[in-house]
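Let's work through some short exercises together. Keep the sequence and the 3D view open, and try each task before you read its solution.

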Amino acid sequence: MSDAFSNYDLYADPYMNRLRNEVEKVKAKKSGGLFIPSDFSHFDSLHYCGHNYIEDFLESEKVDSQTKILELCAGNGSTSRFVADRFKVQLTAVDFLPAFNELHRNMNELCGITNTRIIQGDATQLDLVGLGLENECQVVYSLQSFYYIANKPALFSVCNRALKMGGKLYIEDHVVENNIPLIEKEEEIAVKFQFISRLQRQDYVKLLEDAGFHVDEYVFRTTEWSRYLFERSEKFLREKEQIISEYGQELWDTRYVAGIHISCRLYHQLGMTLEEAKAAYPLTCTEFGEEEFERWVCEMPAKFGGAYIKATKIRNA
Ligand SMILES: C[S@@+](CC[C@H](N)C(=O)[O-])C[C@H]1O[C@@H](n2cnc3c(N)ncnc32)[C@H](O)[C@@H]1O
């Protein structure tokens, strides 16, 4: 675990307090009875574009209540609740940060989810034997987290050892699409975003192969991510006054402005003309200023990418 990540200000108190408060707001809306995972989905996800792709994948794997699954870097449990509820599998969900694990437990309890074990740990050094997971899982998955982890051999070794032979690894991750050099601004943003591991497709595939996997699929969904992020930016900007009055300028200055100024500068391949983009994202255009908006949307080539990767364990690591 890198010190850089442990001190990451994105996940500092203002952000965690907002999540706790959002949980309380959901609770206050209902008197008695259980909640369902989607009651929390307007704030609990730390990845882009929902769960459609992992849902299709798990459907194709025909997982059920006998299936052991390991989720790495689960955050506060957005995906774990969806998977546990929708597929009734035996799920173990790991995250490094205790504050996320506590929120995860809290929301799972509110939903009455009992088929998930939440573990604090570092994904690169899990005690799989102690967890009863060595060579036991049909699926290991992780959404938008592996880019934080520099030690891929250790990480992929954990993935391999958790899986049965023939078991599947499913990853959604931030990567780089090409070797076009970053300009200074992009480098600054990537550092802020904690884009620690910047793998291109061939390097990602090689690391997985070295760890005993065959890569079945490697698909970029960068345009989908870009549209999601610009849409999210519009929503934050529409709600800016309300967010500041509820949570203060401090939160806006950390998480929200970061969300707009960071993510939209990394992912801006909208596949739209300038006029279409301005019409679709007017507040974001104003926030950037027209000139800069045009530069990111129409001139800057895509460098970062949203990768969806499926791999099969074909030998022990
Ligand atoms: C961007 S969030 C994604 C969380 C979750 N997958 C989701 O989509 O909502 C990345 C998560 O990775 C976790 N993380 C980063 N490095 C880790 C490590 N080495 N071991 C376990 N968790 C880690 C962070 O604590 C954070 O919760």
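## Exercise 1: The annotated stretch

Task: For residues 69-167, find what percentage of the chain is helix and what percentage is strand.

Solution: Start with the secondary structure of this predicted model. Over residues 69-167, helix makes up 39% and strand 27% of the chain. Next, look at the two ends of that stretch: their C-alpha atoms are 10 Å apart. Finally, turn to the record: an unreviewed UniProt entry annotates residues 69-167 as "domain: Methyltransferase".

## Exercise 2: Two domains and their contact

Task: Describe how the protein is divided into domains, and which residues of each class line the domain 1 side of the contact.

Solution: Step one is the division. Domain 1 consists of 3-221 together with 304-313, while domain 2 spans 224-299. Their contact draws 28 residues from domain 1 and 19 residues from domain 2. Step two is distance: the C-alpha centres of the two domains lie 25 Å apart.

Step three is area. About 2200 Å² is buried between domain 1 and domain 2, and carbon and sulfur atoms give 66% of that.

Step four is the polar side of the story. Between the domains there are 9 residue pairs in polar contact, both residues being at pLDDT 80 or more. Four elements of domain 1 each give two or more residues to the side touching domain 2: helix H2 (13-28), strand E5 (163-176), helix H8 (184-192) and strand E7 (304-313). H2 provides the largest share, 6 residues. Sorted by class, this side of domain 1 has 14 nonpolar, 6 polar and 8 charged residues.

## Exercise 3: The salt bridge

Task: Find how many salt bridges link domain 1 and domain 2.

Solution: The count is 1. Now look at Lys25 and Glu246: they form a salt bridge, with their closest N and O atoms 2.8 Å apart. That fits the cut-off of 4 Å.

## Exercise 4: Around Ser157

Task: Which residues does Ser157 contact, leaving aside neighbours within four places in sequence?

Solution: First place Ser157, which lies in helix H7 (residues 152-162). Its contacts are then Lys152 and Ala317. As a last step, compare Ser157 with Pro181: they are 24 residues apart in sequence, and their C-alpha atoms are 31 Å apart in space.

Definitions and conventions. Residues are numbered from 1 along each chain as its sequence is written. This is a predicted model: local features need pLDDT of at least 70, side-chain atom pairs count only at pLDDT 80 or more; totals for chains, interfaces and linings use all residues. Side-chain values use heavy atoms; hydrogens and water are left out. Domain bounds come from an automatic or database domain assignment. Contact means heavy atoms within 4.5 Å. Buried area is the accessible area (1.4 Å probe) that two parts lose on being put together, summed over both. A salt bridge is a side-chain nitrogen of Lys or Arg within 4 Å of a carboxyl oxygen of Asp or Glu. A polar contact is a pair of N or O atoms within 3.5 Å; within protein, one must be able to donate a hydrogen and the other to accept it, and residues adjacent in sequence count only if both atoms are side-chain atoms. Ala, Val, Leu, Ile, Met, Phe, Trp, Tyr, Cys and Pro count as nonpolar, Asp, Glu, Lys and Arg as charged, and the others, Gly among them, as polar. UniProt positions are given in the numbering used here, feature names are shortened, and annotations may be inferred rather than shown by experiment.
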